[in-house]
Amino acid sequence: MDLHLALPRGRRGVRHGLEHELRIAIQERRLLEGARLPSTRALADQLGISRGVVVDAYSQLCAEGYLTARVGAGTVVARAVDLQPTRQLRETKLPLRYDFRPGVPDLSAFPRRAWARAISDALTSVPDARLGYGDPQGALELRAALASYLGRTRGAVASSDRILVVGGLGQGLNLLWPVLGARGIERIGVERPGWYDHRTSVSAAGLSPVDVTVDTEGMRTDQLGSLRSVVVTPAHQFPTGAVLAATRRAQLVNWAKGADGFIVEDDYDAQYRFDGKPVGAVQGLVPEHTVHGGTVSKLLAPALRLGWLLLPENLVEPLTLRKRQLDRGVPLLEQLALARLIETGGLDRHLRRTRRVYARRRQLLLEGLARQLPELPVEGAAAGLHIFLPLPDQVRVGELTDRAAAAGIAIRGIQRGRAGLALGFANLPDAAFAPAISTLRDVLRAALRESGA
Ligand SMILES: Cc1ncc(COP(=O)(O)O)c(C=O)c1O
């Protein structure tokens with residue numbers, strides 16, 4: 001029960017200083033509700049003050065309601081006094097009954113047992129020597145497992161020395177932009193419409209996002225012009241669900257070679273294809289001009305915070321250096337567990353199982369929408385974990401999402417580039433689809449009426 005307290009010994013005395021510090025620690029939520037404080041004797045020893053001072057300070061704070069003294073349980077932090085509710089608390093209070101926001105797989109399907117076994121295996125087999133600082137590029141076992149997995153399932157040209165393990169693909173992109181910037185690449189093409197974080201991560205790195213239009217064949221690769229880098233979701237475009245057409249893939253590849261540039265391939269949910277085999281990764285066509293990024297966020301769970309970049313040779317060193325500077329690498333046990341899950345076939349088994357569930361839920365959503373909202377046809381390939389529902393441009397999507405939230409439905413609206421909704425279907429139980437779609441229909445019809453569409 002070590003307590004981090006800097007005790008000011010000012011004019012008003014030690015007792016006042018101690019009370020003040022404890023009060024602040026509770027108000028700033030450094031000490032949370034229920035946290036046990038050290039005994040008065042221990043804290044007095046720790047701070048080098050008399051025990052009576054601590055006793056007095058504790059009883060003052062008990063009187064103010066910050067602390068509670070319980071016989072046998074010592075002194076604990078009582079309750080959040082005068083605290084602003086944190087953002088998270090506010091969010092969890094929203095009465096959301098149905099959550100269509102894209103971005104998560106079925107969280108109830110997380111393979112807990114297989115993961116627990118993999119973590120336990122990693123923990124019991126890892127030698128002591130490896131519990132020091134590891135390779136910031138990532139554990140070799142995981143890089144090797146990923147290289148073989150990406151070659152096998154995505155047609156990528158991969159080897160362990162070209163892989164950087166990252167804390168999610170989002171982090172990978174944040175690491176990448178400054179490295180490209182240092183090479184004089186200051187403008188990055190982003191899909192429009194596209195994933196919000198592509199654009200904001202480029203801006204946050206001090207580079208300029210440049211819109212590249214998306215249509216039903218994916219990114220308009222004829223618009224790449226003088227750009228030297230572009231981030232693209234070729235397997236299943238976010239949000240439109242388009243698959244990059246073969247002619248566009250060829251054009252993209254030729255552009256990258258000609259511009260001596262980099263295709264940043266965001267392969268975030270490419271493992272899901274419900275009507276046949278997924279198209280291979282663009283990386284397999286031009287490995288020296290592609291940064292290929294993937295994540296377990298859509299395969300297992302976002303909470304794992306594990307992703308990877310498969311890099312051209314000349315980017316491995318600068319990116320590994322940045323990763324080292326940032327956080328010295330991803331936690332080792334999780335890396336070893338993921339390596340095991342891949343090597344033992346556990347990930348394949350999990351995906352085989354969940355693909356069936358997602359195919360069914362996608363069907364429930366499509367059939368429900370076709371029945372309830374025939375005037376709004378959906379778009380996109382039979383792939384990934386969301387569908388795109390285009391809306392007339394007059395609809396104010398922000399208002400629509402607020403209204404849906406008030407009706408208990410969380411949706412992700414897209415306005416920039418193309419009005420519509422990206423509806424994730426993976427994390428909604430089967431039985432929720434019918435009532436959720438009826439509520440969505442009412443909200444949408446009202447919005448359409450109001451906009452005059
Ligand atoms: C298009 C796209 N790319 C990448 C990601 C990144 O995932 P993460 O940072 O969780 O690995 C997401 C997550 O929602 C996404 O929608």
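## Exercises on buried and paired charges

At 8% relative accessibility, Arg361 counts as buried (under 20% relative accessible area; exposed is over 50%, partly exposed in between; 1.4 Å probe, protein chains only). The model is predicted: local features need pLDDT of at least 70, side-chain atom pairs count only at pLDDT 80 or more, and totals for chains, interfaces and linings use all residues. Residues are numbered from 1 along each chain as its sequence is written, and side-chain values use heavy atoms, with hydrogens and water left out.

**Exercise 1.** Find the salt-bridge partner of Arg361 and place both residues.

*Solution.*
- Step 1: apply the rule, a side-chain nitrogen of Lys or Arg within 4 Å of a carboxyl oxygen of Asp or Glu.
- Step 2: Asp430 fits, with the closest N and O atoms 2.8 Å apart.
- Step 3: Arg361 sits in helix 12 (residues 346-372), Asp430 in the loop between strand 15 (420-424) and helix 14 (433-451), so the pair ties together parts 69 residues apart in sequence. Helices (H or I, at least four residues) and strands (E, at least two) are DSSP runs, numbered from the N terminus.
- Step 4: Asp430 is partly exposed, at 26%.
- Step 5: a network of salt bridges links Asp106, Arg360, Arg361 and Asp430.

**Exercise 2.** Is Arg248 buried or exposed, and which residue does Arg248 pair with?

*Solution.*
- Step 1: the relative accessible area of Arg248 is 10%, so Arg248 is buried.
- Step 2: Arg248 meets Glu217 in a salt bridge (3.7 Å, N to O).
- Step 3: Arg248 belongs to helix 9 (residues 246-259), and the two residues are 31 residues apart.
- Step 4: Glu217 is partly exposed, at 37%.
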